[in-house]
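Please open the model in a viewer with residue selection enabled. The tour below proceeds stop by stop, each naming what to select and what is found there.

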Amino acid sequence: MDSLKQGADTLFILLGAIMVLAMHAGFAFLELGTVRKKNQVNALVKILVDFSVSTVAYFALGYSVAYGSHFFVGAESLAQLNGYALVKFFFLLTFAAAIPAIISGGIAERAKFWPQLMATAVIVGLVYPFFEGIAWNQHFGVQAWIKALTGEEFHDFAGSVVVHAVGGWIALPAVLLLGSRSNRYRKDGAISAHPPSSIPFLALGAWVLVVGWFGFNVMSAQTLDKVSGLVAVNSLMAMVGGTLTALLLGRNDPGFVHNGPLAGLVAVCAGSDLMHPLGALVVGAVAGAIFVVMFTLTQNRWKIDDVLGVWPLHGLCGTWGGLAAGIFGSKALGGLGGVAFTGQLIGTLMGVSWALLGGALVYGALKATVGLRLSQEEEYDGADLSIHKISATPDREVSW
């Protein structure tokens with residue numbers, strides 16, 4: 001029976017890893033559909049190569065920083081318990097690799113290629129796993145301190161704060177240090193619209209992310225005996241809440257409609273194992289509102305050129321999710337309890353602060369040394385031709 005359980009647990013978490021791996025295709029197509037046509041190839045290449053760099057960085061260093069174990073032993077040791085430890089690494093890697101995939105959307109259309117890969121290696125190897133170890137592996141006694149202070153540990157079941165808020169808040173300094181795209185905000189105060197190049201591809205990316213998210217949330221149980229249908233239905237309700245609010249506040253805009261479910265899912269990650277489904281619906285609805293309102297403010301009022309709105313979507317909705325777990329996870333609002341709002345506030349603020357500091361240091365150092373931004377001419381030509389020497393849809397076929 002033990003060998004059967006080990007095999008079942010390994011398969012369970014492997015399926016979760018594959019579903020979250022598929023989400024990276026969602027990140028790629030969401031970005032491809034949002035950016036202009038001259039930057040579509042770059043969106044696809046970036047996400048795949050970022051994932052590959054993330055794998056090497058997390059295997060060599062990041063996983064050890066977060067969990068204190070490494071893989072530099074014989075294959076015989078690694079194959080024990082059906083290789084569960086290896087597959088767990090694969091699952092957690094797909095979470096870690098989401099950080100550069102999130103950042104990619106914010107800095108799209110004007111960032112250099114190789115400096116971003118350098119940033120990915122540092123963020124996935126050091127910055128992200130440092131906080132991951134604190135939240136999910138009891139590092140430095142921080143969770144024990146929060147529990148002593150508030151009565152409960154900081155709770156983040158599937159990464160509203162650990163993954164999404166951290167990714168979104170790392171992206172903010174990167175976006176600010178890069179500056180806005182050329183001609184986006186004119187000297188006379190006018191704003192040049194850069195509409196999405198392909199709503200169908202944007203929608204495809206959103207749908208792939210939504211489907212994969214059920215692996216992201218449900219499989220965070222990590223073993224089959226801990227799987228919870230509550231997590232699945234709460235994820236569903238938050239997704240729907242985010243969609244409907246974004247539809248109403250976004251006035252039928254398809255960009256908002258397809259980012260609404262993502263906002264809801266970002267927010268529900270932390271407390272998806274604790275909330276009542278009606279609570280999850282409210283959490284998702286609030287997240288949808290946060291995204292529409294804050295995306296509009298950042299782009300139009302504050303003139304922060306965050307192309308895919310990753311700071312509002314992941315940074316702010318992830319922050320809301322960390323706090324919402326402390327509100328809607330409580331028994332008073334139909335949740336399972338075992339969570340304290342003050343503990344959630346402390347843990348969330350820690351994650352946000354660390355992400356801001358890490359993002360500012362990594363991207364500040366890169367800007368001061370190798371530079372972050374394409375030249376004006378390269379940006380005008382587009383990242384596809386400037387970096388990859390080919391466009392997504394050649395204007396003409398060459399006939400020999």
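Helices, as named on this tour, are DSSP runs of H or I of at least four residues, numbered from the N terminus. The model is predicted.

**Stop 1: the largest cavity**

Begin with the enclosed space. A search of the whole structure finds 2 cavities of 30 Å³ or more. The largest cavity has a volume of about 60 Å³. To display its lining, select F27, L30, E31, A101, I102, G105, N259, L308, V310, L313 and H314. Then colour by helix: at least two lining residues come from each of α1 (2-34), α5 (98-106) and α13 (310-328). By residue class, the lining of the largest cavity comprises 7 nonpolar, 3 polar and 1 charged.

**Stop 2: from the cavity lining to a buried ion pair**

Keep E31 selected, since this residue belongs to the lining of the largest cavity, and add K46. The two side chains form a salt bridge, with an N to O distance of 3.0 Å. K46 is in helix α2 (residues 40-67) and E31 in helix α1, so the pair ties together parts that are 15 residues apart in sequence. Are these two partners buried or exposed? E31 has a relative accessibility of 2% and therefore counts as buried. K46 is likewise buried, with a relative accessible area of 5%.

**Stop 3: the other end of the comparison, D225 and K5**

Stay with helix α1 and select K5 together with D225. These residues form a salt bridge in which the closest N and O atoms are 3.8 Å apart. D225 sits in the loop between α9 (199-218) and α10 (229-249), K5 in helix α1, and the pair thereby links distant parts of the chain, 220 residues apart. D225 is exposed, with a relative accessible area of 56%, whereas K5 is partly exposed at 39%.

**Stop 4: R184, D305 and their network**

The structure holds 8 salt bridges in total. For another of them, select R184 and D305, whose side chains meet at 3.4 Å, N to O. R184 lies in the loop between α8 and α9 and D305 in the loop between α12 (277-301) and α13, so placed that the pair links distant parts of the chain, 121 residues apart. Both R184 and D305 are buried. Extend the selection to R36, E109 and R181: salt bridges with shared partners join these residues, R184 and D305 into one network.

**Stop 5: the second largest cavity**

Next, select I107, A111, K112, P115, Q116, A174, L178, Y363 and L372, which line the second largest cavity. Two elements, α6 (113-136) and α8 (160-178), give two or more residues to this lining. The volume of the second largest cavity is about 50 Å³, and its lining residues divide into 7 nonpolar, 1 polar and 1 charged.

**Stop 6: along helix α8**

Select the whole of α8. How far apart are its end C-alpha atoms? The separation is 26 Å, which agrees with the 27 Å that 19 residues should span at 1.5 Å a residue. Place a label on V166, where α8 bends by about 25°. The helix is mostly covered, with 17 of its 19 residues buried. Move on to G179, which follows α8 and has a positive phi, near 85°.

**Stop 7: two C-alpha distances**

Return to P115, one of the residues lining the second largest cavity, and select T369 with it. Their C-alpha atoms are separated by 9.7 Å, although the residues are 254 apart along the chain. T369 lies in helix α14 (residues 341-369). T369 counts as exposed because its relative accessibility is 63%, and the cut-off for exposed is over 50%.

Finish at D273, found in the loop between α11 (254-268) and α12. D273 is buried, with a relative accessible area of 16%; the cut-off for buried is under 20%. Add G335 to the selection: the C-alpha atoms of D273 and G335 are separated by 9.0 Å, with their positions 62 residues apart along the chain.

Key:
Residues are numbered from 1 along each chain as its sequence is written. This is a predicted model: local features need pLDDT of at least 70, side-chain atom pairs count only at pLDDT 80 or more; totals for chains, interfaces and linings use all residues. Side-chain values use heavy atoms; hydrogens and water are left out. On a 1 Å grid over the protein atoms alone, a cavity is a set of points where a 1.4 Å probe fits but cannot get out, and a pocket is an open set with protein on both sides within 12 Å along at least five of seven lines; lining residues have an atom within 4 Å of a point. Grid points are joined across faces, edges and corners, and a volume is the space filled by probe spheres set on the points. Ala, Val, Leu, Ile, Met, Phe, Trp, Tyr, Cys and Pro count as nonpolar, Asp, Glu, Lys and Arg as charged, and the others, Gly among them, as polar. The expected span of a helix is 1.5 Å times one less than its number of residues. The bend at a residue is the angle between axes fitted to the seven residues ending there and the seven starting there. Buried means under 20% relative accessible area, exposed over 50%, partly exposed in between (1.4 Å probe, protein chains only). A salt bridge is a side-chain nitrogen of Lys or Arg within 4 Å of a carboxyl oxygen of Asp or Glu.
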